[in-house]
Amino acid sequence: MNMHSPAGAVRTTCPYCGVGCGVLATPTPEGGLTVAGDPDHPANFGRLCVKGAALAETVGLRGRLLAPQIDGRPAGWDAALDLVARRFARTVARHGPDSVAFYVSGQLLTEDYYVANKLMKGFIGSANIDTNSRLCMASSVAGHRRAFGSDTVPGLYADLDQADCVVLVGSNLAWCHPVLFQRLAAAREKRGTRIVVIDPRRTATCEIADLHLPIAAGADAALFNRLLAEIDRRGLIAPDPALDGLDQALLAANRTDAAVTGLATADLARFVNLWCDSEKVVTLFSQGINQSDSGTDKVNAILNCHLATGRIGRPGMGPFSVTGQPNAMGGREVGGLANMLTCHLEIENAAHRDAVRRFWNAPRMAERPGLKAVDMFRAVEEGRIKALWIMCTNPAVSMPDADRVARAIAGCDFTVVSDIMARTDTTRLADVLLPATGWGEKNGTVTNSERRISRQRPSLAPVGQARDDWRIIADVARRMGWGDAFGWSHPSEIFAEYAALSGIAGGLGSDFDISDCAGIGRAAYDGMTPFLWPRAGARQGGRFFGDGRYHTFSGRGCMVAVAPRPPQPVTGEFPFRLNTGRVRDHWHSMTRTGLSPSLSRHLAEPFLEIHPRDAAALGLSPASLARVSGAQGDALLRVLVTDRVAAGQPFVPMHWSAETAASGRINSAIPALVDAVSGQPALKSSPAAIRPFGAVWYGFAISQAPIRPDCEYWAVSALAGGYQAELAGLHEPDDWTAFAKHLFSLTSDPLAVHDRRRGLARLAFAGNGRVQAALFVSGEPVALSRHHVAAALGCDMDANLLAGRPGVHQPDEGAIVCACATVGMNSLVRAITTQGLVTLDAVGKALGAGANCGSCRPEISNLLTRLGDPDLPKPGNGFDAD
């Protein structure tokens, strides 16, 4: 593999989910990039999802933090770094090492992570370094360590190709890991792989499922306990299993009542038969399992079934935790979590601590676990942590009880934020801002969900004064007096040091050993091809535990007796059980994907997905607005009425922040309830109340310049030529022209149509005869062709624009379904019904939809089903809004 082939392309890695797809990034003469999947990368073989395919739209200067800032004013690097080093050193001297903390991110590269971990644990002398991976993967880590003695993912992506049955539990693979979903769909088509989806929601992933189990919220451990009991009854326990805790786990399993799963007896029996009758079975799990106050037990209930049957560590079988972030695994490997050491060593183990201390020549080694994320921000609020450094993450949006977290950050004595963006919910709370390099500029390694280490290579020069995170951290460490230990000049030197330490860890029994890379030089590092760890021993590049050898003290696998716990109860005040998660085309708090016009055209505003029965009882109509409240806070959301969710269990996406919506931060309504073992917050099943929001007007706006909303509801997203906004308010302005001029920061008079009797106002502004901005207002949710109106920006002004619909000879695309080919819902419906299209391949050939990244294929498949069945709801009626 050649890092600069073909034709000037740089081989790098996608910065989104944990699949770790290879990317070919080719610089353009204009300073941007073209992006394609790397056909030689073993994680994706050239495929990219819609987010990866749109990476080129997220690079550039827009919104970037270009220089250090102190108290909101530009500053030089020396002044900023001197201040950070001085304040952290003074805080440690006065209050001790545990008075400071780092909160880092699964979007850091491994080299960045390693340097931060070394500084905090080995030199400052505290383990108060935690990561946003605590919010997504901590329960998997804890479950692995209890069962295997190490945080080891046993299997490989190739197991999805070889399995006879794949069970997806708590994973909307189609939207959250689309490339793996397409791989699984291909295996199903090729070899008849049977697929089970366990999820309270009917997600896009269910489109390829042989069986969908709409399990009761929080009942996953009970389901797998019942499976384990049936495994025992059928005599499927592996002969002479090398396991501790088997009898206790079986006793707990046999005590579990199947009724708590909420599943029909026939469906439960079918699931058990599929699992038990398929020796090659993979159970793939993700956030629906982890993000629970009993997530670790749920993980162990799954692991128990594979351990008991010996269906682990062999081709086509095993439990598989898929990570949510591009380098969540790398962070776990370097000890980025507060309760771990580098190279999967244990902070509680004196021999492990001593080995790391001696290797680092550390002056003050942390001796106990530090504060996990939720406890860390509570300590900030209480004043026990007096200096905080947040790197490459946005906890004021992503943490539960987000308003309280934001207040804690704002109230901290000294807060530093390293980020690529100038304005986020978190950066605006900082005393010091440090500009970091972003994807396309960074140089280092990441590890994906199957333990494959890949290079992320720079394809663009850093913007402004941005610096790599590892260099920023090392510069602070040198100013604190530890220059000899942080004197690297290139990330290859950090990787070589890390690899050398892994050899010591391997000698202590760690699973993580890449010590054959300890002598790597810059040239070899630059040309590194993706590889699986471990790189030494009989397991080199392969699966773990198929040989019956584990990393526990006894060397045996450990089964855990799981007593299923119900989720936190709903009440009369908060009668709904709120589920949160991701959408297909956005990522975390949208600081990157929010820059992409194509990604915003699928779902452009925060929404509440609610069952028709609940909507009717609450008086919520499709496309109206609703306020969703928890005991901590609330959010204001667009209503999407659908039976994809169960009654009483609405769903809200997690991505919107105060930068993109007036009140879309759903984690403001989520309590900070955590798993007692892992410390991971429960984000999937929170008590909530819902009530209508009595808007008296609704609006839709487009503008070439940034939009400045001044109303109770707004959500802004990117367009190719500017911005669009959804608006609503409780009070109608006296003068819509004045309102629009303020909204768009314009002084010219618009072309306008007003109908006060009907509550309608439509205004369009022109400059040099071309459309600059437009506002459409109605007393009800605005019905118009958003795609058509948005396309008018920058075009010649035409009075027909105010109609809000294309002319008779201009077909309306409708809401965009396929972002790659820009194919909307209306175009799909027309083509399917008029051309007699009945298969996904036929749609792809006719329109190009679903023929590229494949992320939209589940939605197109669902549309084909709905249009082909007269008894199913058709597009519209709250299913698809444009």
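Me: Is W488 buried or exposed in this model, and what is its relative accessible area?
Reply: Happy to start there, and do keep in mind that this is a predicted model. The cut-off for buried is under 20% relative accessible area. W488 falls below that cut-off, so it counts as buried, with a relative accessible area of 8%.

Me: What kind of aromatic pair do F486 and W488 make?
Reply: Two values settle this one: the ring centres are 5.6 Å apart, and planes over 60 degrees apart count as edge-to-face. F486 is itself buried, at a relative accessible area of 0%. With the planes of F486 and W488 at 80°, the pair is therefore edge-to-face.

Me: And how are the rings of F495 and Y525 arranged?
Reply: F495 sits in helix α19 and Y525 in helix α20, 30 residues apart, so this pair links distant parts of the chain. F495 is buried at 0% relative accessibility, and Y525 is buried at 0% as well. Their centres are 5.8 Å apart with 50° between the planes, an arrangement that is tilted.

Me: Which charged residue sits over the ring of Y525?
Reply: Y525 belongs to an aromatic cluster that also includes F148, W360 and F495. Over the Y525 ring, 4.1 Å from its centre, sits the charged end of R455.

Me: How many residues of helix α4 are buried?
Reply: Helix α4 covers residues 138-148 and is mostly covered. Among its buried residues are A138, V141, H144 and F148, and the elements covering them include β12, α12 and β13. Of the eleven residues in α4, the number buried is nine.

Me: Which residue follows α4, and what is its phi?
Reply: The last residue of α4, F148, is one of the buried ones. Right after the helix comes G149, whose phi is positive, near 80°.

Me: Which strands lie at the edges of the five-stranded open sheet?
Reply: The order in this parallel sheet is β10-β9-β8-β12-β13. An edge strand here pairs on one side only, and that description fits β10 (211-213) and β13 (318-321).

Me: By how much are neighbouring strands of that sheet, β10-β9-β8-β12-β13, turned against each other?
Reply: The five strands are paired in parallel. Ignoring direction, the average turn between neighbours is 15°.

Me: Which residue of β9 is the bridge partner of C165?
Reply: Strands β8 (residues 165-169) and β9 (residues 194-198) pair in the parallel sense over five bridges. In β9, the partner of C165 is R194.

Me: At about what angle does helix α10 run to β10?
Reply: Helix α10 spans residues 265-277 and lies across β8, β9, β10 and β12. Relative to β10, its angle is about 120°.

Me: Why is strand β26 described as largely enclosed?
Reply: Strand β26 pairs in the antiparallel sense with β21 over three bridges, and with β23 over four bridges. In these pairings L578 stands opposite S686, while V628 stands opposite I690. The strand is largely enclosed by the rest of the structure because, of its seven residues, the number buried is five.

Me: What is the relative accessible area of A688?
Reply: A688 has its place in strand β26. Leaving aside residues up to four places away in sequence, A688 touches F574, P575, F576, L578, V628 and S629. A688 is buried, and its relative accessible area is 1%.

Key:
Residues are numbered from 1 along each chain as its sequence is written. This is a predicted model: local features need pLDDT of at least 70, side-chain atom pairs count only at pLDDT 80 or more; totals for chains, interfaces and linings use all residues. Side-chain values use heavy atoms; hydrogens and water are left out. Two strands pair if DSSP finds at least two bridges between them. Helices (H or I, at least four residues) and strands (E, at least two) are DSSP runs, numbered from the N terminus. Axes are lines fitted to C-alpha atoms, for helices over the stretch in contact, and angles run from 0 to 180 degrees between N-to-C directions. Contact means heavy atoms within 4.5 Å. Buried means under 20% relative accessible area, exposed over 50%, partly exposed in between (1.4 Å probe, protein chains only). Rings of Phe, Tyr and Trp (its six-membered ring) pair if their centres lie within 6.5 Å; planes under 30 degrees apart count as stacked, over 60 as edge-to-face and the rest as tilted. A charge sits over a ring if NZ of Lys or CZ of Arg is within 6 Å of the ring centre and within 35 degrees of the ring normal.
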